[in-house]
Amino acid sequence: MEKEFLIETYRSVTLNVTGGKIDSFREKEETTGTVRVYENGCIGVAGCLGIPDEEALTEKAVEALALGIPYPCHLDGALEREILREDEIIPVPEFIPTMQKFLDRLGEACPKFAFSNKIKLSYRKTEYRNSSGRHLTSSGRYLSIQLLAQNRGSGNLFDTAFSYEGDSFDADALLARFKNQYDAFYTHADIEPGRVPVVMEAADLFGTFLQHFVAEMYVSGASLFSGKLGHKAFSEKLSLKNDMNPETHAGVCFFDREGCVAPDFRPVLIDKGVLIGLLTTKKSAENFNVPDLGTAAAAYDGVPSLGFNRFYVEPTAQNLSELVPGKAIYVVMASGGDTTPGGHFATPVQMAYLMEDGKFVGRLPELNIAGDVFDMLGKDYIGAVSGEPSPDSMSCAVVMDVTK
């Protein structure tokens, strides 16, 4: 009988912001434990809330083998590795006054905006062990600022958004960036319809297509990319990965919930235009005879399932001005779009800025953007840049059809 053991601790303080003021907070602390055992092609799982008693959990997991849940046992071999990022971003006792001072300064810099939503300070530590000698430990802290901004008197719930997620806090730098967006918001700009470079966060560009990388969808023929595994189907400038690297994704665990550790901590979906990976668990990888990418998630008391952390796109430029010289559209909010079964993507854009040489110069009216998936990720793909316009940004540029 083979065995896996996981223990995870998560702590967070979440601040609720209304009208630029912190009006409430919530603290959360949770520890979970999991034991998974394998025998005769079946899996038994037991989990608990709180500090786990490994021996008692193991007994319950062994009993659960009687349920006959099929699951292959392919434990990864011996490896000892830990990445601990324990430095405090903001001491918890100072979190509320520090954030309220930041919000006060933001309100002074952007007086026509009313800010609301959430600010969160989080810590997570995950440990994994298996009976093949693998022992992995990952911990990290991150700060998430997700503010919705309402143009006072507009009548809308919100008009734009300011966001940041990272493992450091530089109030002056954030205020300067948010102030640039604020100034651009109140500067009218326009652009002629046609084929225009469009810049957006990687999650906004690739999020609609994520399901098409799922192994089950791929082998069923329902994926747009079915039959293209191992083939060049995209621009050679495009390398797309799942970011599990703490250097570029604050607070992330560098291994998946089945103990897989990817090279550079980034499981690869597309490498220089070639589709080389699909989202899998060890079970789906065996069932469909495809490589295991190492992208498993799992509830503390459940069998492994598919997971995904964040898109990482290999940068092709040092900054936005190099990536898209001249005029381009920077998308802030785009919702309500979809992709047809044939691969045509379209979405309305509720909020966007006109960029010139990488700088925001004004707010654009509402737009529509559209394109064919294989063109967007092929001949129309311009490239990507990391760290602009925000240190936590992963921005991609694509030529798309723009209409008003």
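**Exercise 1. The pair Lys379 and Asp380**

Lysine 379 is exposed, its relative accessible area being 63%. In this predicted model, determine which interaction joins the side chains of lysine 379 and aspartate 380, and state whether aspartate 380 is buried or exposed.

*Solution.* Step 1: the side chains of lysine 379 and aspartate 380 form a salt bridge, with an N to O distance of 3.3 Å. Step 2: the cut-off for a salt bridge is a nitrogen to oxygen separation within 4 Å, and the pair satisfies this criterion. Step 3: aspartate 380 has a relative accessible area of 9% and is therefore buried, whereas lysine 379 at 63% is exposed.

**Exercise 2. Salt bridges between distant parts of the chain**

State how many salt bridges the structure holds. Then locate the partners of the salt bridge between glutamate 86 and arginine 141, and those of the salt bridge between aspartate 243 and arginine 310.

*Solution.* Step 1: there are 23 salt bridges in the structure. Step 2: one of them joins the side chains of glutamate 86 and arginine 141, at 3.8 Å from N to O. Glutamate 86 belongs to the loop between strand E5 (79-84) and helix H2 (92-109), and arginine 141 to strand E7 (residues 134-151), so the pair ties together parts that lie 55 residues apart in sequence. Glutamate 86 has a relative accessibility of 30% and so counts as partly exposed.

Step 3: the side chains of aspartate 243 and arginine 310 also meet in a salt bridge, again at 3.8 Å from N to O. This pair links distant parts of the chain, 67 residues apart: aspartate 243 is in the loop between strand E10 (240-242) and strand E11 (268-271), and arginine 310 is in the loop between strand E14 (305-306) and strand E15 (311-313). Step 4: aspartate 243 is buried, with 0% relative accessible area, while arginine 310 counts as partly exposed at 24%.

Step 5: salt bridges also form a network, which links Lys3, Glu54, Glu127 and Arg129.

**Exercise 3. The two sides of helix H1**

Determine which residues of H1 are buried and which are exposed on the other side. Explain why the buried residues can be assigned to one side of H1.

*Solution.* Step 1: the buried residues are Leu57, Thr58, Ala61 and Ala64. Step 2: these residues span an arc of only 115 degrees around the axis, and therefore lie on the same side of H1. Step 3: the general geometry agrees, because an α-helix has 3.6 residues a turn and residues three or four places apart point the same way. Step 4: the other side of H1 carries the exposed residues Glu55, Lys60 and Glu63.

Step 5: glutamate 59 also lies in this helix, which comprises residues 54-64. With a relative accessibility of 48%, glutamate 59 counts as partly exposed.

**Exercise 4. Two surface patches**

Identify the residues that make up the patch of negative charge and those that make up the nonpolar surface patch.

*Solution.* Step 1: the patch of negative charge on the surface gathers Asp53, Glu55, Glu59 and Glu63. Step 2: the nonpolar surface patch is made by Leu67, Ile69 and Val303 and covers about 250 Å². Step 3: isoleucine 69 is located in strand E4 (residues 69-70). Its relative accessible area is 34%, so isoleucine 69 is partly exposed.

**Exercise 5. Backbone geometry in loops**

Find where proline 389, asparagine 40 and asparagine 289 lie, and describe the backbone geometry of each.

*Solution.* Step 1: the peptide bond from glutamate 388 to proline 389 is cis, with omega near 5 degrees. Proline 389 sits in the loop between strand E22 (381-386) and strand E23 (394-403).

Step 2: asparagine 40 is a residue other than glycine with a positive phi, near 55 degrees. Asparagine 40 occupies the loop between strand E2 (21-39) and strand E3 (42-49), and at 75% relative accessibility counts as exposed.

Step 3: asparagine 289 likewise has a positive phi near 55 degrees. Asparagine 289 is in the loop between helix H6 (282-288) and strand E13 (296-297); with a relative accessible area of 70%, asparagine 289 is exposed.

Note on methods: Residues are numbered from 1 along each chain as its sequence is written. This is a predicted model: local features need pLDDT of at least 70, side-chain atom pairs count only at pLDDT 80 or more; totals for chains, interfaces and linings use all residues. Side-chain values use heavy atoms; hydrogens and water are left out. Patches are made of residues with over 30% relative accessible area and no salt bridge: like charges are joined within 9 Å, nonpolar side chains (Val, Leu, Ile, Met, Phe, Trp, Tyr) within 5 Å. Accessible areas come from the Shrake-Rupley method with a 1.4 Å probe; for residues, only the protein chains shown count as cover. Lys and Arg count as positive and Asp and Glu as negative; His and the chain ends are not counted. The place of a charge is taken as NZ of Lys, CZ of Arg, CG of Asp or CD of Glu. Helices (H or I, at least four residues) and strands (E, at least two) are DSSP runs, numbered from the N terminus. Buried means under 20% relative accessible area, exposed over 50%, partly exposed in between (1.4 Å probe, protein chains only). The arc is that of the directions from the helix axis to the C-beta atoms.
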